[in-house]
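The following report examines a protein model through its packing, its sheet, its ionic pairs and its cysteines. Please consult the sequence and the structure shown here alongside the text.

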Amino acid sequence: MTQVGNVYGEALYTLALEEQLTGKLLEELTVLSQSFRENPEFIRLLSSPNFPKQERCQILDDSFRGKVHAYVLNFLKILTEKGYMKHFYDCCKTFEDLYNRDNGILPVTAITAIALSEEQAAKLAEKLSRATAKQIKLHNLVDPSVLGGVRLDYDGKRLDDTVSHRMDAITKALKGTVL
């Protein structure tokens, strides 16, 4: 993450916390992030020096006034005026990280060869919740190259119990064996 993302994301979070709006603003930022990822030209437009800042802010007003909280709209305008819209995703990540920290939520990515069923995902989340004493926000990524098993990425840690990882360990051990 960028320093700009950290500073501005934390500033918005602090304001939201004071006003008891963290959940609402996180939801709106998440929707905006998804929308901007689907339409990356919108951020390019808001970052373009070819249009005066006032026109870019008017585009934000026309697009979002009455549809998002005033704090979110003003936040977008500040990023646009400062030329920091390219840091929007970093701001959102900082905001979400702070929200998760304050609410005892641990995002976990489970990488598997095939998608986890709802039952498997629920059991895994429950087991991780007991082990970490946190509420688990589980995201399943499918990567056929893992062959089987599961790799968990969370909180800067990686637990790898995939078939491909075990095969790599066996290969490494065999290569180190002197005959």
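## Nonpolar cores

Phe-36 is in contact (heavy atoms within 4.5 Å) with Phe-42, Ile-43, Phe-64, Leu-76, Met-85, Phe-88 and Tyr-89, when neighbours within four places in sequence are left aside. This is a predicted model, in which local features need pLDDT of at least 70 and side-chain atom pairs count only at pLDDT 80 or more, whereas totals for chains, interfaces and linings use all residues. Residues are numbered from 1 along each chain as its sequence is written, and side-chain values use heavy atoms, with hydrogens and water left out.

Phe-36 is also one of the residues with the most contacts inside the largest nonpolar core, which has 28 residues; the others named for this are Leu-32, Phe-64, Leu-76, Met-85, Phe-88 and Phe-95. A nonpolar core is here a set of buried Ala, Val, Leu, Ile, Met, Phe, Trp, Tyr and Cys residues joined through side-chain atoms within 4.5 Å. Buried means under 20% relative accessible area, exposed means over 50%, and partly exposed lies in between (1.4 Å probe, protein chains only). At least two residues of this core come from each of helix 1 (3-18), helix 2 (22-38), helix 3 (40-47), helix 4, helix 5 and helix 6. Helices (H or I, at least four residues) and strands (E, at least two) are DSSP runs numbered from the N terminus. The most is given by helix 6, with 6 residues. Another core lies apart from this one and has 9 residues, including Leu-124, Ala-125, Leu-152 and Tyr-154.

## The sheet and its helix

An open sheet is formed by 4 strands in the order 2-1-3-4, with mixed pairing; two strands pair if DSSP finds at least two bridges between them. Strand 2 (135-142) and strand 4 (157-162) are the edge strands, each pairing on one side only. From one strand to the next, the twist averages 20°. Helix 7 (residues 118-132) packs on this sheet and touches strand 1, strand 2 and strand 3, its direction making about 135° with that of strand 2. For such angles, axes are lines fitted to C-alpha atoms, for helices over the stretch in contact, and values run from 0 to 180 degrees between N-to-C directions.

Strand 1 (residues 105-112) is antiparallel to strand 3 (residues 149-154), and 4 bridges connect them. Within this pairing, Leu-152 in strand 3 stands opposite Ala-110. Strand 3 and strand 4 also run antiparallel, joined by 6 bridges, with Lys-157 in strand 4 as the bridge partner of Tyr-154.

## Positive phi angles

The hairpin of strand 3 and strand 4 has 2 residues between the strands, and Asp-155 takes a positive phi near 50° there. Asp-155 is exposed, with a relative accessible area of 56%.

Gln-20, a residue other than glycine, has a positive phi near 55°. Gln-20 belongs to the loop between helix 1 and helix 2 and is exposed, at 72% relative accessible area.

## Salt bridges

The count comes to 11 salt bridges, each being a side-chain nitrogen of Lys or Arg within 4 Å of a carboxyl oxygen of Asp or Glu. In the pair of Asp-61 and Lys-77, the closest N and O atoms are 2.9 Å apart. Asp-61 lies in helix 4 (residues 53-64) and Lys-77 in helix 5 (residues 70-82), so the salt bridge ties together parts 16 residues apart in sequence. Both Asp-61 and Lys-77 are buried.

Glu-96 and Lys-137 form a salt bridge at 2.7 Å, N to O. This pair links distant parts of the chain, with Glu-96 in helix 6 (residues 88-102) and Lys-137 in strand 2, 41 residues apart. Glu-96 is partly exposed at 22% relative accessibility, and Lys-137 is partly exposed at 42%. A further salt bridge joins Arg-158 and Asp-153 (2.7 Å, N to O); Arg-158 is exposed at 52%, whereas Asp-153 counts as buried at 19%. Asp-61, Arg-65 and Lys-77 are joined into one network by salt bridges that share partners.

## Cysteines

The structure holds 0 disulfides, a disulfide being a pair of cysteine sulfur atoms within 2.5 Å. For Cys-57, which is in no disulfide, the nearest cysteine sulfur is that of Cys-91, 15 Å away. Cys-57 is buried, with a relative accessible area of 9%.

Cys-92 is likewise in no disulfide, and the nearest cysteine sulfur, that of Cys-91, is 6.7 Å away. Cys-92 counts as buried at 9% relative accessibility.
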